[in-house]
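I opened this one with no background and a blank page. My plan was to look up the core and then the charged pairs.

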Amino acid sequence: MTQWRLWHGDVLVGELAEYGCDQPFFLATFTPGPGWESVRGLFEAWAAYRGPDPDGTRFVALTKPLHDLRLSLAPADGRHPSLRLFENCMLKIDGAEARLRY
């Protein structure tokens, strides 16, 4: 399974280790890095997103701040290109669990 590093510029936000799949998401464990506290609140709000959202306004309100940070996921092995969150992939982190779709 793939190992990923989540970056905010040159600051390591955390690391993900894929362990399974729940289509269409890859399941991973998340280990916080030095930059986690600066984005933690945004990910916690996104993880709590539930219920009806017929016009998508709640989804946009929760994901736009994460998109605007221009966070990227880089494979630890360097064999694949980096992915931009909410451009090339979607990432939800809830405690030590992560769900990644790319």
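Below are my notes, in the order I made them.

**Entry 1: what I'm looking at.** I noted before anything else that this is a predicted model.

**Entry 2: the core.** I looked up the largest nonpolar core and found 22 residues in it. The members with the most contacts inside this core are Leu6, Leu16, Phe43, Leu73, Leu85, Leu91 and Ile93. Next I checked which elements give two or more residues to this core: they are strands S1 (3–8), S2 (11–22), S3 (25–32), S6 (90–94) and S7 (97–101), along with helix H1 (36–47). Which element gives the largest share? I got H1, with four residues.

**Entry 3: one residue up close.** I picked Leu91 and asked what it touches, leaving out residues up to four places away in sequence. My list reads Leu6, Leu16, Phe43, Trp46, Leu85, Phe86, Ala98, Arg99 and Leu100. Among them, Leu6, Leu16, Phe43 and Leu85 were already in my notes as residues with the most contacts inside the core. Arg99 is on the Leu91 list too, and I followed Arg99 into the next entry.

**Entry 4: charged pairs.** I looked up how many salt bridges the structure holds, and the count is seven. Arg99 makes one of them with Asp22, with the closest N and O atoms 3.3 Å apart. Why did I mark this pair as a tie between parts? Arg99 sits in strand S7 and Asp22 in strand S2, so the bridge joins parts that are 77 residues apart in sequence. I then asked whether Arg99 is buried or exposed. Arg99 is partly exposed at 31% relative accessible area, and Asp22 also counts as partly exposed, at 38%.

**Entry 5: inside the helix.** Back in H1, I found Glu44 and Arg40 joined by a salt bridge, 2.9 Å from N to O. Both lie in that helix, four residues apart, which is about one turn. Glu44 is partly exposed, with 43% relative accessible area, and Arg40 is partly exposed as well, with 34%. I also wrote down that Glu37 joins Arg40 and Glu44 in a network of salt bridges.

**Entry 6: one last pair.** The side chains of Asp77 and Arg79 form a salt bridge, 3.3 Å from N to O. How exposed is each partner? Asp77 is partly exposed at 42% relative accessibility, whereas Arg79 is exposed at 66%. The cut-off for exposed is over 50%, so Arg79 falls in that class.

Key
Residues numbered from 1 in each chain as written. Predicted model: local features only at pLDDT ≥ 70, side-chain atom pairs only at ≥ 80, totals over all residues. Heavy atoms only, no water. Core = buried A, V, L, I, M, F, W, Y, C linked by side-chain atoms within 4.5 Å. Buried < 20%, exposed > 50% of the residue type's maximum accessible area, 1.4 Å probe, protein only. Contact = heavy atoms within 4.5 Å. Salt bridge = Lys/Arg side-chain N within 4 Å of Asp/Glu carboxyl O.
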